[in-house]
Amino acid sequence: MNADLAAAENWFAASGRGVFTFQREAWEAYLRGESGLINAPTGMGKTLAAWLGPLLEARGETAGEGARDGTPRPSGPRVLW
């Protein structure tokens with residue numbers, strides 16, 4: 001597990017919550033540069049599944065620095081909601 005995913009899992013554990021498999025899979029896919037659609041019932045954690053990937057990516061960057069794969073990106077996360 002990469003350090004960013006471990007930090008996310010630790011945050012959930014410290015909050016007394018667990019991580020759903022689909023959330024972890026969404027974060028891992030996002031960090032690999034993949035995109036997709038998240039479909040889950042209301043109240044299951046779709047928002048955290050969708051937003052935590054970009055936030056984890058931004059956590060590993062400094063303003064103006066490219067993405068981890070070397071692709072130039074503007075500073076800050078980019079998400080289509």
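**Exercise 1. An aromatic residue and its partners**

Task: Decide whether Phe-12 is buried or exposed, and find out which aromatic cluster Phe-12 belongs to.

Solution. Phe-12 has a relative accessible area of 2%, and since buried means under 20%, Phe-12 is buried. This value, like every other one in these exercises, is computed from a predicted model. The next step is to look at the ring of Trp-11, which forms an aromatic pair with the ring of Phe-12, with 5.2 Å from centre to centre and 85° between the planes. Planes over 60 degrees apart count as edge-to-face, so the pair of Trp-11 and Phe-12 is edge-to-face. Trp-11 has a relative accessibility of 43% and therefore counts as partly exposed. The last step is to name the cluster, which is formed by Trp-11, Phe-12 and Trp-27.

**Exercise 2. A second pair of rings**

Task: Work out how the rings of Phe-20 and Phe-22 are arranged, stacked or edge-to-face.

Solution. A pair of aromatic rings is described by the distance of the centres and the angle of the planes. For Phe-20 and Phe-22 the centres are 5.9 Å apart and the planes stand at 25°. Planes under 30 degrees apart count as stacked, and the pair is therefore stacked. As for accessibility, Phe-20 has a relative accessible area of 38% and is partly exposed, and Phe-22, at 23%, also counts as partly exposed. The total count for the protein comes to 3 aromatic pairs.

**Exercise 3. The two faces of helix H1**

Task: Determine which residues of H1 are buried, and which exposed residues are carried by the face turned away from them.

Solution. Begin with the setting: the protein has 3 helices and 0 strands, and along the sequence its pattern reads α-α-α. Helix H1 covers residues 3–14, and its 12 residues, at 1.5 Å a residue, should span 16 Å, which agrees with the 16 Å between its end C-alpha atoms. The buried residues of H1 are Asp-4, Leu-5, Ala-8, Glu-9 and Phe-12. They cover an arc of only 140° around the axis, which means that they lie on the same side of H1. The general background is that an α-helix has 3.6 residues a turn, so residues three or four places apart point the same way. On the face turned away from the buried side, H1 carries the exposed residues Ala-3, Asn-10, Ala-13 and Ala-14. The buried residues of H1 pack against helix H2 (21–31) and helix H3 (46–59). Just after H1, Gly-16 takes a positive phi of about 80°.

**Exercise 4. A polar side chain on the buried side**

Task: Establish with which side chain the side chain of Glu-9 makes a polar contact.

Solution. Glu-9 is placed in helix H1, and at 17% relative accessibility, which is under 20%, Glu-9 counts as buried. The side chain of Glu-9 makes a polar contact with the side chain of Arg-24, at 2.5 Å.

**Exercise 5. The nonpolar core**

Task: List the residues of the largest nonpolar core, and say which helix gives the largest share of this core.

Solution. In soluble globular proteins, nonpolar side chains tend to be buried together. Here the largest nonpolar core has 7 residues, namely Leu-5, Ala-8, Phe-12, Val-19, Trp-27, Leu-52 and Leu-56. H1 and H3 each supply at least two residues of this core, and its largest share, 3 residues, comes from H1. Now follow two members of the core. Trp-27, not counting residues up to four places away in sequence, touches Leu-5, Ala-8, Phe-12, Val-19, Leu-48, Ala-49, Leu-52, Gly-53 and Leu-56. Leu-5, which lies in helix H1, has a relative accessibility of 5% and therefore counts as buried. Leaving aside neighbours within four places in sequence, Leu-5 is in contact with Trp-27, Glu-28, Leu-31 and Leu-56. One of these, Leu-31, is 26 residues apart from Leu-5 in sequence, and the two are 9.5 Å apart in space, C-alpha to C-alpha.

**Exercise 6. A buried glutamine in H2**

Task: Find which residues Gln-23 touches, not counting residues up to four places away in sequence.

Solution. Gln-23 has its place in helix H2, and with a relative accessible area of 2% Gln-23 is buried. The residues that Gln-23 touches, with that same exclusion, are Phe-12, Gly-18, Met-44, Gly-45, Leu-48 and Ala-49.

Conventions. Residues are numbered from 1 along each chain as its sequence is written. This is a predicted model: local features need pLDDT of at least 70, side-chain atom pairs count only at pLDDT 80 or more; totals for chains, interfaces and linings use all residues. Side-chain values use heavy atoms; hydrogens and water are left out. Helices (H or I, at least four residues) and strands (E, at least two) are DSSP runs, numbered from the N terminus. The expected span of a helix is 1.5 Å times one less than its number of residues. Buried means under 20% relative accessible area, exposed over 50%, partly exposed in between (1.4 Å probe, protein chains only). The arc is that of the directions from the helix axis to the C-beta atoms. Contact means heavy atoms within 4.5 Å. Rings of Phe, Tyr and Trp (its six-membered ring) pair if their centres lie within 6.5 Å; planes under 30 degrees apart count as stacked, over 60 as edge-to-face and the rest as tilted. A nonpolar core is a set of buried Ala, Val, Leu, Ile, Met, Phe, Trp, Tyr and Cys residues joined through side-chain atoms within 4.5 Å. A polar contact is a pair of N or O atoms within 3.5 Å; within protein, one must be able to donate a hydrogen and the other to accept it, and residues adjacent in sequence count only if both atoms are side-chain atoms.
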